[in-house]
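Here is a friendly walk through one structure for a newcomer. Take a look at the sequence and the model, then read on.

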Amino acid sequence: ASYMAGAAFTLQVKVLDSLGNVTPTYSTPITISLGASSPAGGALQGGLTATPVNGIATFSGLSIQKAGSGYSIKASSASLTQVKSRTFAITPASASQLAFTTTPPTTAAGSTFSTTVEARDPYGNRDTAYISAVSIALASNPAGTTLNGTSSGIFAAGVASFNGLSILKVGTAYTINASSGSLTSGTSN
């Protein structure tokens with residue numbers, strides 16, 4: 001199973017007796033949290049404690065914002081044996097913004113450099129399904145020059161790389177801007 005980053009999902013936990021029957025009289029609160037094998041940096045959000053009704057605790061409005069696979073949720077209550085869910089994945093939401101993942105380095109005038117741009121969802125996950133045109137241009141241009149090299153490309157799996165770029169005039173505080181359709185543009189350091 002998989003869920004989209006930031007999207008709400010519901011989880012139910014049943015309280016069972018030793019024979020596997022639902023125990024309708026159990027009313028001690030149940031708490032859930034991410035299992036130990038879940039990706040680092042992920043956080044389970046929403047109501048993490050619920051009281052069972054007729055032996056079933058319902059947790060609604062849960063969400064996880066960090067994309068990854070191998071997530072699990074564990075449930076515990078008083079002296080009952082903890083239980084862990086099957087593993088599931090969190091997939092990126094639709095791209096909404098651009099970000100530079102390889103910042104253009106300080107380099108000599110005329111020397112070539114590379115930079116990489118990602119299409120990210122609102123939570124900072126790379127949208128691997130995003131395939132669209134992207135262009136880059138100088139955003140801060142203290143020496144009044146141009147960015148040489150190929151300044152347009154296509155995202156492949158949410159990533160666009162630009163190689164063989166150069167700036168011919170000496171200057172400080174150059175920045176590069178990336179744009180793609182209606183996504184919020186990104187600016188390099």
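## A cluster of rings

Tyr3, Phe9, Tyr71 and Phe88 are linked into a cluster by ring pairs. This is a predicted model, and it holds five aromatic pairs. One of them is formed by Tyr3 and Phe9, whose rings are stacked, with 4.4 Å from centre to centre and 20° between the planes.

How exposed are these two residues? Tyr3 has a relative accessibility of 30%, so it counts as partly exposed. Phe9 has 6% and therefore counts as buried.

## A pair that links distant parts

Another pair joins Tyr130 and Phe155: the ring centres are 5.3 Å apart and the planes meet at 70°, so this pair is edge-to-face. Here the partners come from distant parts of the chain, 25 residues apart. Tyr130 lies in the loop between S11 and strand S12 (133-140), while Phe155 lies in the loop between strand S14 (152-154) and strand S15 (159-167). Both Tyr130 and Phe155 are buried.

## A sheet of four strands

Now to the strands. Four of them make an open sheet in the order S10-S11-S15-S13, and their pairing is antiparallel. Strand S10 (97-102) and strand S13 (147-148) each have a single partner strand, so they stand at the edges, with one side of each left without a neighbour in the sheet.

What joins S10 to strand S11 (residues 113-120)? Five bridges do, and the two strands run antiparallel. For Thr102, the bridge partner in S11 is Thr116.

Key:
Residues numbered from 1 in each chain as written. Predicted model: local features only at pLDDT ≥ 70, side-chain atom pairs only at ≥ 80, totals over all residues. Heavy atoms only, no water. Pairing = 2+ DSSP bridges. Phe/Tyr/Trp six-rings, centres within 6.5 Å; stacked < 30°, edge-to-face > 60°. Buried < 20%, exposed > 50% of the residue type's maximum accessible area, 1.4 Å probe, protein only.
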